[in-house]
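Student: Hi, I'm new to this one. Can you walk me through it?
Tutor: Sure. Have a look first, then ask away.

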Amino acid sequence: MSDKVKVATVSLGGCFGCHMSLLDIDERLIDLLELIEFDRTPLTDIKQIGECDLGIVEGGVCNAENVEVLKEFRRHCKTLVSFGACAITGGIPAMRNQFTLTECLEESYLQGMGIADAQIPDDPEIPMLLNQVYPIHEVVKIDYFLPGCPPSADTIWTFLQELLAGEPIEFAYQQIHYD
Ligand code: SF4
C-alpha cells in the first residue's frame, strides 16, 4: 500500500487561478509527487473523494452544490486548507453580496446589456444559488488559511513542504506581502 500523503483539491466559486498557481511550482511538482498522491482534484478528473490526508479548497461558497462538496471534503480530509482570497473572504464572487439575489439574476438575465432572449434559467440541474457568497470557514472548520489572489507558487511550495515535513508553517515576508 502507498505511504504517500493523499491530497484532494477542489474549486468551488473560484476561477481556477489558485490551481494554476499550484501548477506554477513547475519542476518542483516532480518532487511533490514523490511525497503525495492526488485523489479527487481537477488535475486528475476523479469525481468522488476518498479518505484523504489533505484537502485544499479554492473559491467561495456560492450555491447548494458548493455546500455539499465542501462538507464532503471536511468529512473525508484530516486537514483542510482554505486556499486563496475567494475561499478565505468570499473574494470576487462575494462582490454580489451588496445586491440581493433577485437583483443579481435580473441584471444578469433580464435587464443587462445585450440580452436577447430574456429569461432566468430554472433547469433543475443548475445548483441553487445561495442568497450570499460565504467564505468557506463559515460553513466548515478550517485548519489552515493560505492567502493571496492567487497565493504565489513559492508560497504554495513553502506551505506544502513544511506541512508535509510536520514543521511549523513560516513564510518569508515577501511571500505574504501583497501590494
Ligand atoms: Fe481566482 Fe484569485 Fe479567487 Fe484564486 S483567489 S480563485 S486566483 S480570484
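**A chat about threonine, arginine and salt bridges**

Tutor: Let's start with threonine 9, which sits in strand β1 (residues 5-11). Keep in mind that this is a predicted model.

Student: OK. Is threonine 9 buried or exposed?
Tutor: Threonine 9 counts as buried, because its relative accessibility is 2% and the cut-off for buried is under 20%.

Student: Which side chains make polar contacts with threonine 9?
Tutor: Histidine 19 is one of them, at 2.7 Å. Threonine 41 is another, at 3.2 Å.

Student: And what else does threonine 9 touch?
Tutor: Leaving out residues up to four places away in sequence, its contacts include Phe38, Arg40, Pro42, Ile56 and Phe73.

Student: Arg40 caught my eye. Where does arginine 40 lie?
Tutor: In the loop between β2 (36-38) and β3 (52-58).

Student: What about a charged partner for arginine 40?
Tutor: Arginine 40 is buried, yet it has no salt bridge. Glutamate 72 is the nearest side chain of opposite charge, 4.1 Å away. A salt bridge needs the nitrogen and oxygen within 4 Å, so the pair does not count.

Student: Which backbone oxygen lies 3.1 Å from the arginine 40 side chain?
Tutor: The one of lysine 47, counted to a polar atom of that side chain.

Student: New topic. How many salt bridges are there in the whole structure?
Tutor: A search finds 6. In one of them, arginine 28 pairs with aspartate 154, with the closest N and O atoms 3.0 Å apart. Arginine 28 is in helix α2 (residues 28-35) and aspartate 154 in helix α6 (residues 153-164), so this pair links parts of the chain 126 residues apart.

Student: Any others?
Tutor: Aspartate 45 and lysine 47 meet at 2.7 Å, N to O. Both of these residues are exposed. Aspartate 143 also forms a salt bridge with arginine 74, at 3.1 Å between the closest N and O atoms. Aspartate 143 is in the loop between β6 (129-134) and β7 (144-146) and arginine 74 is in helix α3 (residues 64-76), so the pair ties together parts 69 residues apart in sequence.

Student: Which residues are linked with Arg74 in a network of salt bridges?
Tutor: Lys141 and Asp143.

Student: Last one. What surrounds the ligand?
Tutor: The surrounding residues include Cys15, Cys18, Glu58, Cys86 and Cys149. By class, the shell has 7 nonpolar, 3 polar and 1 charged residues. Helices α1 (17-23) and α4 (85-89) each supply at least two of the shell's residues.

Note on methods: Residues numbered from 1 in each chain as written. Predicted model: local features only at pLDDT ≥ 70, side-chain atom pairs only at ≥ 80, totals over all residues. Heavy atoms only, no water. Helix = DSSP H or I, 4+ residues; strand = E, 2+ residues; numbered from the N terminus. Buried < 20%, exposed > 50% of the residue type's maximum accessible area, 1.4 Å probe, protein only. Lys, Arg positive; Asp, Glu negative; His and termini not counted. Polar contact = N/O pair within 3.5 Å; in protein donor to acceptor, adjacent residues only side chain to side chain. Near = heavy atom within 4 Å. Nonpolar A, V, L, I, M, F, W, Y, C, P; charged D, E, K, R; others polar. Contact = heavy atoms within 4.5 Å.
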